[in-house]
Structures are given as structure tokens and as C-alpha cells.
Amino acid sequence: MNGYFVTELNSTSPSTSELGDLVDEVESDEANADNADDEDVVEDILYIRGATFTIHLDAPAENSTVNTTKINEANADRIELHATSQGPNLEQKLPSTMESIVSTEPACSLDCGPAGNCYIEQSRGDEVDVVIEDDDDDGAVDLEGNTVNLRRKQGTFRQRCQCPLGRGGDRCQLEAEVRSPRFTGSGWLAFPALRAAYKHVQLELEFRPEAWDGVLLLAGERDDLQGDFMALILHHGFIEFRFDCGSGVGTVRSTETVKLNEWNTLSVYRHRWDAWIQLNQEKRVEGRSKGLFSRITFREPLFVGGPGNTTGLERLPVRTGFKGCIRHLEANEHHYRFPLAPQGDAANGFDIEECTADRCSKVPCSHGGKCLTTGGDTAVCLCPLGYTGDLCETRVDLQVPSFNGSSYLRYPGLADTSLSWLELSVTLKPTALDGVILYNGHHSDATGDFIALYLSSGHVQFTFDLGTGPATLRSENPIRLGEWVEVRVSRTGRLASLEVEDDPAQEILAPGAFTQLSLPLNLYLGGAPSYDMYSPKMKTTASFVGCIQTIVLNNREVGILAEALGGVNVGNCGHACEARPCGDAECRPLRERFTCRCRPGVPHPCPAPDDYTPLVPPPARTSNNAVTSVRYERAVPSFTGSESYLHYNDADTMKRIISYRVDINMRFRASSSSGLLLWSGRQSDPQEQRDENDDFLALGLDHGYLTLAYNLGSGEAVLRYNLTRLDDDLWHRIRAVRNEQWASLVVDSGTGVSASSPGQLRQLNTDTGLYVGGAPDVVRTTGGRYTKGIVGCISDLVLDSDFSVALSSPAQATNTHSCIP
């Protein structure tokens, strides 16, 4: 072989001519190299500049010789010949020393537990050279007859435990959950075999390599790597994606090397024979597998960070495991969690550490949240649907979704349901001028057909492509932020129109001759997992910020939350439906208002008809006496200000009012500048003098401003919110909180104000029950604090965040009417 080689000769063999033959072969190749064609010379050469090869010769038996060189058995256990090269001409010179290694490798003595493994590694930095001087020995000669000195290399070794996944500590004695794994080069993680991936695989990976070579990912049909397989490896610093569909290996290799000891991103896409990879957002590199077969069968586990128990690694140029950290792995939109099942997705693992270089290792996102690093030294959690909070620790009952710029909801794509026509209506309330409202595409590389509804500089835009070029519609006027708006899109063949509220419709004709639209990928609402998914023909890639209330697609209302396949960082918009005012019925938001509707197929139990005001005339009966369906709206009470009120004295309501703490959340509108909203106090004889320190709690309007007053028995406290007038006949949401002596007021999610009552008493003791909207004989009941009740409507009253007061079915209703919320 023309190049470097490693061979081992046993001095007890009958002949040592193999060494001479090998050297003669090298010298012969050198002599022929100058006359041979350059291309032929390097055809089968593996050459690495500065490389060395080692020949180990066991200690010879007595009277045996190695090329006439006698070596005393006491002088060496093994002989190591180091060969070097000075350049591409392969001129090889043997050094004038021979080194013997005295192996002092001890037996591994660590107790690593039942599933751990004691592992010995040599600490090469501690090697010491010792020159052997022996007057009785004539020394040794190299292959050219030169006298050489014998050097003994004394090595030191380090023992450590290789622990199974889920265990840690220097003896595997501790339980350990690895959220962001670091691989040592000998470890690996095993996940269940890939499913539904025989034709299509899309991978997303974030990794931090510490070495230039290693197996990042391996999956296949058999554990000996025969047959179909897919491998992602680091080879000399380059990423290589190798895959075999059964008739030949295809290889895609990055044009740039990875960044060592830095975080790298990698995207891999394979569809049948074709594949591409993209490293660190650089240019995509494409490739194709060989043969006619186009499917890959995956039966073995998906190994990450190393080859696991896979044999037959001769098919790969790299056999060692990956050394470094991996903090994100996603395959076909499944985000893998690294801990052991059931907390994570891993089925097994070995020799894995926690990656301390990852900022996400210090941010333990709960409930399947994904950690995302941001600029500087910070990281945030992207929470799955139904959870919120800094660490996704809080479960949220979603009603009307809000999007914060990092959010999205995912649905099945339109596929072929909108080939020739599309009708779309979206009701939304934006709070930013730019953002993608809805997107659905054809290819994951952002080519082909797509539709996109988005905001650009405050204007609503709709862009679509039927395969022959994009067409874009733009609203004539910008929309107002913070207000509900309805957007309607219609497409028939190449013709499309866009309407925003009552503005005139805008129309456009798509270029080209194609008239059909095919959208097989997922549909995204409010954003997408990656900007790379968007077509570059759009005017923005920013995510939507605001609320999306309803979507009607091809005359069918989409269940925004019920039909979502998944989502990230979706919160509640702050709507009356969040308080579940409809009980067991469905609360249907209508911009700022709502209606209640019995759920399909379950007309009963449903809120009683007495609790609802029908929106349509009573249902007519058909010939077979069947009743047509009727939709009801919960009655929202209105108050006249004079002897008009609701009264509650039930245990569930009063135990919240008279406790040490109460949280009152109310939505109302008022046309009167003064009036009582809520009262609870002590009963007294009309003939007796009222005690000035009787307990009470009062909430109302005073000259247009919200006022909270209360007395716990040791003095009255009055808290006034002077920042916003509330007598404008518009809907407002207020929150009043009393926590023992301390209280606060917040109006429309604005700045809060607070105060504290005097004395030492901390509990409210009242016995009149709770009055809402007014009270009987307001002046006497409130001790002259109010002269009348409120003039207006109250649509929502929630106590302690979890108890909705049934405004439509009070224990006692006096002189109230219904008002449309």
C-alpha cells in the first residue's frame, strides 16, 4: 500500500520477513512514483500529513532475533517503531530511537453500580520517557542497521464510571435527569425506531462539537448496518448525511466545517432518493441516493450521539461516538425530550453528562416546553398548548388565543380541499403592525404553492402562488391596533379578492395558466416554528402579535383550540369567555361580546332556557313534531339605578366574600357617573344607631372613578382609581383584590393602586349577603356612602379566579332587565 500503515509482528513467529517485505514495498512505490501518472499514483492512497504509524513487537524469546537485533527481555515488553513522512513524495525515515512501553494498566476497581461500567483511560499528558542504559546489552539497531537507544514510556491511567442514563455521580450512585446531554465519545442515547419515515424525513439539530469526528445520529433496518440505513456523522469537521434505500449509498457533505466548541444548527431533509442539508443557515447542499429503491425501513432504535450497539460500522468512515453537546433534536416535527421515558422519550442511554455549556441547562422548562436561547446569557421557554409561565409551570384554560410574537398554532393543511376555490374569514385584534396571521405551503423548502395572510406596515395583505408566480392583494387602509377587525379572502381559480371590514374589495388575477392550489403541509396560525418555512415572496416573516378569535374556512368554522395539532406560547386574550359564563354550554366570542350555545348532540344538560334569552323566535315544530335547533345567549342584566339589584346569600358566594382574602373580577359598562356596583355589610335595626366600625365592603363609581371602600372592624379604608373615568358607557374590566388589610385596584389591565386599612383586624365579617348593581334603600344600606345603584350592565363577575357568579340566575332579582353585552 502506498501510504501509511499499521502492522503488528510477533517475534515468536517462524519468520520476520513480513517487515522487510513491507518496507521494500514502500521503497519500490517511492521509486515508481516519479514515473507514474499523478492520477494513478494517488488512486488508492490514504495520506494524512504529519501522521505516524506504530509497529508493536512483543518481547522476543531467548535466542530469537529481529533483523539480527538482539533485544534483552528484561529491557522491554514491547517495541514501538514510529515512522514519519516529510511530504507527498512519501519519503519515509525511521527515527533513531526505539521506545518500549511499560504497561502499568491496573485492573479497574471502581464499583459503578449494577448497570454502570468501570472504564480505564490513559492520561497521555502524564507520560514520562525513560532512557534504558544497559552495559551488557549491545543495543538495538533499526531496519537500516543504525544503532538506536531504547526508551521506556511510563504511562498513567485514570479510572471513571460510565453510568446508564438516569444515574450520575462518580459511582453512579445518584439519580440524575439530563435535559441537555453532553456525549463523551463513548456514550449514546437510544430512542424508539422512527415511524412513518420510510419516504420522508426532516431533521432539526442544535449541537456543540468538541471534536472533528463522531457519529451524531444513526438509524437503520438491521443492527449490523446491512440493508437500509441513515447516518448523520462528523468527518474531519464536515457534516455528512449518508443514506441507503437498499440499492446504494447516497452522501451529502457540507461545504463548510462545523464551528468547534460553538453551537451549530443543522437542517436535514430527505424525500425518497433526494436529500439536502443546511449547516448554520449556509447554502443548502443537495444529493441523491443510488439505485431504484426509494424507501428506507427503520426497525432499529434511533441512536443519537453514538452508534449504540450497531455493528458493521465499516460502512461509515467514522466509528467513534460524538463528543460534545446536543440541546435540540426534532424529527418530522416531533421534538425529542432527552430524559428517560416517561419523563422523556429516551428508551436507553449510556455515559451521558449534563451539558454545562448550554444556557438551557439552567432553565428547566416544564410540561414538555422547549428552551430557546436568546441574545446574551439568557434563555426562554416555549410552552406547549395549554401551559404558560416562565417555565411553562402554569396550566391555562384557553378560550380566545393570544399570540406574543413567538407563538403559533398548527393544524392539518388544506391539502386538496381548496384546489379550485377558497373562502376564508378571520376575526382578529392585532397589537403590532407586522406579523404572519396564516400560512400554508406545499414544500418544506418554501417552494411551490402557498397562501399567506399577514400584516405589513399595518396593511392586511394576502399573497398566493398557484405554481406560476405570486399575486398579492393589499388593503386600501391600514387597520387600527387594539381593535377587532374581520378579514375576508375569496379565491376562485386565478381570481382572488380581499375585504377588510366594510372597505371596498380588492381583486387580483394570478399570473400564468395554473388554476389549482395544493397545500399538503401543515397550516400555521400566528407564526411558524421557523422563518425558513415561509416563501421568500412574502413581505414579512415576523410573527403575529395580538388575538385571533374566529376562523371560518370554506364555510366551516374551525375550532381554533379544539382542532389544533399543537402550539407554542399561546395565552389567553382577556375575553369574557375566560370566566366560563355559559357553564356547561359553549361560550362563543363575538368580538367584545359573547353568546352561549348548547354543544352539538348534547342539548341537555345545558343551561336552562330560563337562564338565556333567545336570539331567534321560538322554534317551529315540523310535521313530525321535531324541534329545530335554537341558539341562546345568556342574559346580561342591566340596572336602572333605583331599587334595581341582584342579591346572593348562598354559601359558595359568601365564603369567598367574608374570608381573609377575596379577588373580584368584574366586567361592566355604566352611563351614570356615580352608583353602587357591589355591597356586603352588617344588618342593623332601623331604630338603632349604626356602629361606625361595622364591617362592610363596597365597590362603586364616584364622579366617574372607581372606588373601593372597606372596614374590617378597626377603621375604614378608601381606595380610589383616578387614572381612568368609567362612566363612558363602554365595557371595562376591573379587578379588586383584598388580602387581609391590604387592597388593590386595577382597571383594564392598567397600572394598579393600593391601600391598607388601619388597626389589627384582618377578616371581613358581614351578614347581608352580596348585592350587585345596587341595593334596597341604598342610602340606609350603605350608611349614606351611596345614594343610588349603577345605571348600566354587568356581564361578568368572577370571585377568586375560579368561581363565576351566575348573574342570570340570582337568588333574588329586583327590577333588572336584559342588555346585549
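1. In this predicted model, Val489 stands opposite Leu498 of strand β36, and the two strands concerned, β35 (residues 485–492) and β36 (residues 495–500), are joined by six bridges and run antiparallel. Strands here are DSSP runs of E with at least two residues, helices are runs of H or I with at least four, and both are numbered from the N terminus; two strands count as paired if DSSP finds at least two bridges between them. The connection from β35 to β36 is a hairpin with two residues between the strands, and Gly493 in that turn has a positive phi of about 60°.

2. On its other pairing, β36 is joined to strand β37 (residues 506–509) by four bridges, again in the antiparallel sense. Leu498 has Gln506 as its bridge partner in β37, while Val489 faces Leu498 from β35. The hairpin of β36 and β37 has five residues between its strands, with Glu501 in the turn showing a positive phi of about 55°.

3. Glu499 also belongs to β36. Is Glu499 buried or exposed? With a relative accessible area of 29%, Glu499 is partly exposed, because that class lies between buried, under 20%, and exposed, over 50%, for a 1.4 Å probe with protein chains only. Leaving aside residues up to four places away in sequence, Glu499 touches Glu486, Val487, Arg488 and Ala505, where a contact means heavy atoms within 4.5 Å. Glu476 is 23 residues from Glu499 in sequence and 9.4 Å away in space, C-alpha to C-alpha.

4. As to conventions, residues are numbered from 1 along each chain as its sequence is written, and side-chain values use heavy atoms, with hydrogens and water left out. Since this is a predicted model, it should be kept in mind that local features need pLDDT of at least 70 and that side-chain atom pairs count only at pLDDT 80 or more, whereas totals for chains, interfaces and linings use all residues.

5. A sheet that deserves inspection is the open one of seven strands, with the order β34-β33-β32-β31-β38-β29-β41 and antiparallel pairing. Its edge strands, each pairing on one side only, are β34 (470–474) and β41 (566–568). Neighbouring strands of this sheet are turned by 15° against each other on average, direction ignored; the axes are lines fitted to C-alpha atoms, and angles between N-to-C directions run from 0 to 180 degrees. Within the sheet, β31 (residues 435–441) and β32 (residues 450–456) pair over six bridges in the antiparallel sense, and Leu438 stands opposite Leu453 in β32.

6. Gln461 lies in β33 (residues 459–465) and counts as buried, at 5% relative accessibility. Not counting residues up to four places away in sequence, the contacts of Gln461 include Leu453, Tyr454, Leu473 and Lys539.

7. Some backbone values merit a check against the model. Most residues other than glycine have a negative phi, and most peptide bonds are trans. The bond from Ala341 to Pro342 is cis, with omega near 10°, and Pro342 lies in the loop between β22 (334–335) and β23 (348–354). His236, found in the loop between β14 (229–235) and β15 (238–244), has a positive phi near 55°. Asn569 likewise has a positive phi of about 55°; this residue sits in the loop between β41 and β42 (571–572) and is buried, at 14% relative accessibility.

8. The second largest pocket encloses about 1100 Å³ of space and is lined by 35 residues, with Gly574, His575, Ala576, Glu578 and Arg733 nearest its centre. Among the elements that each supply at least two residues of this lining are β49 (661–670), β54 (732–739) and β58 (792–799). On a 1 Å grid over the protein atoms alone, a pocket is an open set of points with protein on both sides within 12 Å along at least five of seven lines, a cavity is a set where a 1.4 Å probe fits but cannot get out, and lining residues have an atom within 4 Å of a point. Points are joined across faces, edges and corners, and a volume is the space filled by probe spheres set on them.

9. The structure holds six cavities of 30 Å³ or more, and the second largest cavity has about 60 Å³ of space. Its lining includes Ser254, Glu256, Gln278 and Lys283, and the elements giving two or more residues to it are β16 (249–257) and β18 (274–279).

10. For the chain as a whole, there are four helices and 61 strands, and 46% of the 821 residues count as buried.
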